[in-house]
Amino acid sequence: MRVSAPDPRAVREASLDELSRLGLPLPPPQFPLVWEPGDEIELRPTPEIEARIAVLHLILARCFGMPPQAAMSWLLESHLVEMLTPPEWQFVMGGRGDHRSFVLHHDALFSLAWVLGLSKQLDPTVPVDERLVERMPNLVTGETFPQWRARILAAPQHPADAAALLDLHYCLDWAYLETEKAGRELPGLVDANAIGQRRWALEWAVVLRGPYHDDPPGWEEVDLST
């Protein structure tokens with residue numbers, strides 16, 4: 001569902017109000033808006049988001065001991081092999097890559113779960129819901145991707161709500177990095193790495209349409225440099 005984007009300045013004001021409530025520093029006045037007036041927004045297709053969730057869940061299982069042969073067997077049976085990025089493929093099959101960076105994807109997974117209505121909130125001060133694993137494919141019992149999709153019955157967020165949360169995490173990402181750099185205390189139990197992962201997932205899931213936006217990026221192409 002593609003809709004008109006909400007007023008970016010009103011959304012930004014709400015994001016800055018939340019930063020102030022959390023006692024975080026505010027970005028400079030020239031800090032870019034995420035979209036422009038007149039742009040449109042939509043979420044990626046639900047099956048695509050579901051596939052990304054399943055892949056990230058499998059990668060986390062590999063991080064914590066799932067054998068590569070079992071992982072490949074599940075991917076084949078679920079018809080998801082083509083959904084892995086090259087770095088993910090190398091890690092799943094050969095354990096190559098930055099193990100810690102893949103573990104951090106736990107928060108990206110949490111963010112995508114919120115997008116599909118599998119998690120009720122995405123509070124920047126609260127860690128990943130411990131019950132999230134119950135809403136993921138049960139790899140131990142061999143629950144396949146189609147079986148999991150039928151079980152969860154995803155209810156995606158409204159694109160405007162997801163876009164507003166993207167703007168908030170765009171600002172939070174800057175504020176958390178600045179706070180950690182200054183050696184100040186963060187407002188909750190979530191650190192800058194986790195906020196960055198949540199923003200990564202939202203940047204990927206929320207599709208912005210307008211004259212200043214490129215085509216939606218691949219998972220590894222999401223730009224978090226600004």
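**Sheet, helix packing and a loop residue**

H8 is followed by Gly183, which has a positive phi, near 75 degrees. This is a predicted model, and the questions below walk through it.

Q: How many residues does helix H8 have, and what distance does H8 reach from its first C-alpha to its last?
A: Helix H8 covers residues 159-181, which makes 23 residues. At 1.5 Å a residue, the expected reach is 33 Å. The model comes close to that, with a first-to-last C-alpha distance of 33 Å.

Q: Which strands stand at the edges of the sheet?
A: The sheet is open, with 3 strands in the order E1-E2-E3 and antiparallel pairing. An edge strand has a single partner, so one side of it is left without a neighbour in the sheet. That fits strand E1 (3-4) and strand E3 (206-209).

Q: What is the bridge partner of Ser4 in E2?
A: E1 runs antiparallel to strand E2 (residues 40-43), and 2 bridges join them. For Ser4, the partner in E2 is Glu40.

Q: Which helix lies across E2 and E3?
A: Look for a helix running at about 50 degrees to E3. Residues 192-205 form that helix, and its name is H9.

Q: Why is H6 called oblique to H9?
A: Helix H6 (residues 105-115) packs on H9 with the axes 7 Å apart, at an angle of about 45 degrees. That angle makes the pair oblique. As for handedness, H6 passes H9 in a crossing that is right-handed.

Q: How many nonpolar residues are in the contact of H6 with H9?
A: On the H6 side, the contact includes Phe110, Leu112 and Trp114, and among the H9 residues they meet as a group are Trp200, Leu202 and Trp204. Sorted by class, the contact has 2 charged and 3 polar residues, and the nonpolar count is 11.

Q: How many polar residues does the contact of H2 with H7 have?
A: Helix H2 (residues 46-63) and H7 pack at about 115 degrees, their axes 11 Å apart, and H2 passes H7 in a right-handed crossing. Pro47, Glu50, Ala51, Ile53 and Ala54 of H2 meet Phe145, Trp148, Arg149 and Ile152 of H7. Of these residues, 7 are nonpolar and 2 charged, and the polar count is no residues.

Q: Which residues does Asp129 touch, not counting those up to four places away in sequence?
A: Asp129 sits in the loop between H6 and helix H7 (145-152). Its C-alpha is separated by 20 Å from that of Leu168, 39 residues apart along the chain. With residues up to four places away in sequence left out, Asp129 touches Phe110 and Arg135.

Notes: Residues are numbered from 1 along each chain as its sequence is written. This is a predicted model: local features need pLDDT of at least 70, side-chain atom pairs count only at pLDDT 80 or more; totals for chains, interfaces and linings use all residues. Side-chain values use heavy atoms; hydrogens and water are left out. Two strands pair if DSSP finds at least two bridges between them. Helices (H or I, at least four residues) and strands (E, at least two) are DSSP runs, numbered from the N terminus. Contact means heavy atoms within 4.5 Å. Axes are lines fitted to C-alpha atoms, for helices over the stretch in contact, and angles run from 0 to 180 degrees between N-to-C directions. Angles under 35 degrees count as roughly parallel, over 145 as roughly antiparallel, 65 to 115 as roughly perpendicular and the rest as oblique. A crossing is left-handed if the near helix is turned anticlockwise from the far one by less than a right angle, and right-handed if clockwise. Ala, Val, Leu, Ile, Met, Phe, Trp, Tyr, Cys and Pro count as nonpolar, Asp, Glu, Lys and Arg as charged, and the others, Gly among them, as polar. The expected span of a helix is 1.5 Å times one less than its number of residues.
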